[in-house]
Amino acid sequence: MAGNSSTPGRSVTSRALALLGAFDGRHRRLGLTELAARAGLPVPTAHRLVGELVAWGALSRTASGEYVVGRRLWDIGLLAPVHTGLQQIASPYLHDLYGATLATVHLAVRDGLRALYVDRLSGHASVPVVSAIGSRLPLHATGVGKVLLAHAPAAVQEEVLADLPRITPYTVSRPELLRGQLEKVREDDYATTVEEMSLGACTVAVPIRSDGAVVAALGIVAPSLRRDRARLVSALQVAARGIGRSLTGQVAR
């Protein structure tokens with residue numbers, strides 16, 4: 001089924017998916033014209049499809065006339081194995097970590113070249129945190145991301161190393177420096193960052209293993225790691241081992 005679009009031969013499904021794919025962390029609200037442009041569709045085509053997506057619940061229209069991702073996509077997303085398996089199993093451990101540290105706790109998996117945050121508990125300390133459940137952040141600039149990158153296939157590592165955007169003045173953007181850090185992550189079995197993703201925030205993260213393979217990463221955000229690094233690493237590793245034991249044989253990788 002192909003219709004009028006800027007790319008001849010695109011199916012209705014591909015055009016609808018292009019509209020949904022126009023949203024990302026920097027584009028959470030889009031007017032119709034911008035939405036059409038980002039999806040590569042004529043405005044009349046976008047208008048018709050957006051109306052159907054709104055009726056179904058995939059998109060919602062705000063009072064100002066902009067469009068946002070609808071609740072129904074969230075409900076469906078919660079049915080994915082990464083949520084129903086990993087998130088549910090890890091949840092008690094995240095709450096234990098939060099109770100012991102009162103810090104923001106992250107659970108993430110690798111999604112291509114990004115770290116996908118599948119769960120987060122917000123801490124009480126006033127530490128800048130840019131992540132949210134469902135957000136995708138750079139592997140090279142986050143604690144959980146460095147853990148996941150250190151244990152990623154060589155091809156993934158090379159692709160990330162080829163493009164290291166500087167997010168803050170402290171983001172590691174030199175490939176040779178990041179290579180050394182990844183080797184140390186594998187040796188120490190944990191990763192740290194100091195204001196690499198956002199100023200004022202430091203992170204420490206450890207791998208979660210299931211059947212011997214790293215399937216996720218668990219991290220904590222703190223204002224500083226100078227005093228509490230050893231304590232936080234120990235708490236994270238205990239939780240990660242517990243999650244890994246519970247995951248073995250239950251969550252498909």
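Where does UniProt place the feature "domain: HTH iclR-type"? The unreviewed entry puts this feature at residues 10-71. The legends below refer to a predicted model.

**View 1. The span annotated as "domain: HTH iclR-type", residues 10-71.** The annotation comes from the UniProt record, an unreviewed entry. In the predicted model, this span is 53% helix and 10% strand. The C-alpha atoms at the two ends of the span lie 26 Å apart.

**View 2. Helix 6 packed with helix 8.** Helix 6 covers residues 143-150, and helix 8 covers residues 175-188. Their axes are 9 Å apart and meet at an angle of about 85°. Helix 6 is therefore roughly perpendicular to helix 8, as angles of 65 to 115 degrees count as such. Helix 6 contributes Lys146, Val147, Leu149 and Ala150 to the contact. Helix 8 answers with Leu178, Gln181, Leu182, Val185 and Arg186. By class, the contact of helix 6 with helix 8 holds six nonpolar residues, two charged and one polar.

**View 3. The open sheet of six strands.** The strand order is 5-4-3-8-7-6. Pairing is antiparallel. Strand 5 (136-138) and strand 6 (191-194) stand at the edges. Each has a single partner strand, so one side of each is left without a neighbour in the sheet. Neighbouring strands of this sheet are turned by 35° against each other on average, direction ignored.

**View 4. Strand 8 and its burial.** Strand 8 spans residues 213-222. Seven of its 10 residues are buried, so strand 8 is largely enclosed by the rest of the structure. Buried here means under 20% relative accessible area.

**View 5. Strand 3 beside strand 8.** Strand 3 runs over residues 104-111. Five bridges join strand 3 to strand 8, in the antiparallel sense. Val105 stands opposite Ile220 of strand 8. His106 stands opposite Gly219 of strand 8.

**View 6. Strand 7 beside strand 8, with the hairpin turn.** Strand 7 takes in residues 202-210. Its antiparallel pairing with strand 8 extends over nine bridges. Ala205 stands opposite Gly219 in strand 8. Gly219 thus links this view to the previous one, where His106 stands opposite Gly219. Two residues separate strand 7 from strand 8 in the hairpin. Asp211 lies in the turn, with a positive phi of about 55°.

Notes:
Residues are numbered from 1 along each chain as its sequence is written. This is a predicted model: local features need pLDDT of at least 70, side-chain atom pairs count only at pLDDT 80 or more; totals for chains, interfaces and linings use all residues. Side-chain values use heavy atoms; hydrogens and water are left out. UniProt positions are given in the numbering used here, feature names are shortened, and annotations may be inferred rather than shown by experiment. Helices (H or I, at least four residues) and strands (E, at least two) are DSSP runs, numbered from the N terminus. Axes are lines fitted to C-alpha atoms, for helices over the stretch in contact, and angles run from 0 to 180 degrees between N-to-C directions. Angles under 35 degrees count as roughly parallel, over 145 as roughly antiparallel, 65 to 115 as roughly perpendicular and the rest as oblique. Contact means heavy atoms within 4.5 Å. Ala, Val, Leu, Ile, Met, Phe, Trp, Tyr, Cys and Pro count as nonpolar, Asp, Glu, Lys and Arg as charged, and the others, Gly among them, as polar. Buried means under 20% relative accessible area, exposed over 50%, partly exposed in between (1.4 Å probe, protein chains only). Two strands pair if DSSP finds at least two bridges between them.
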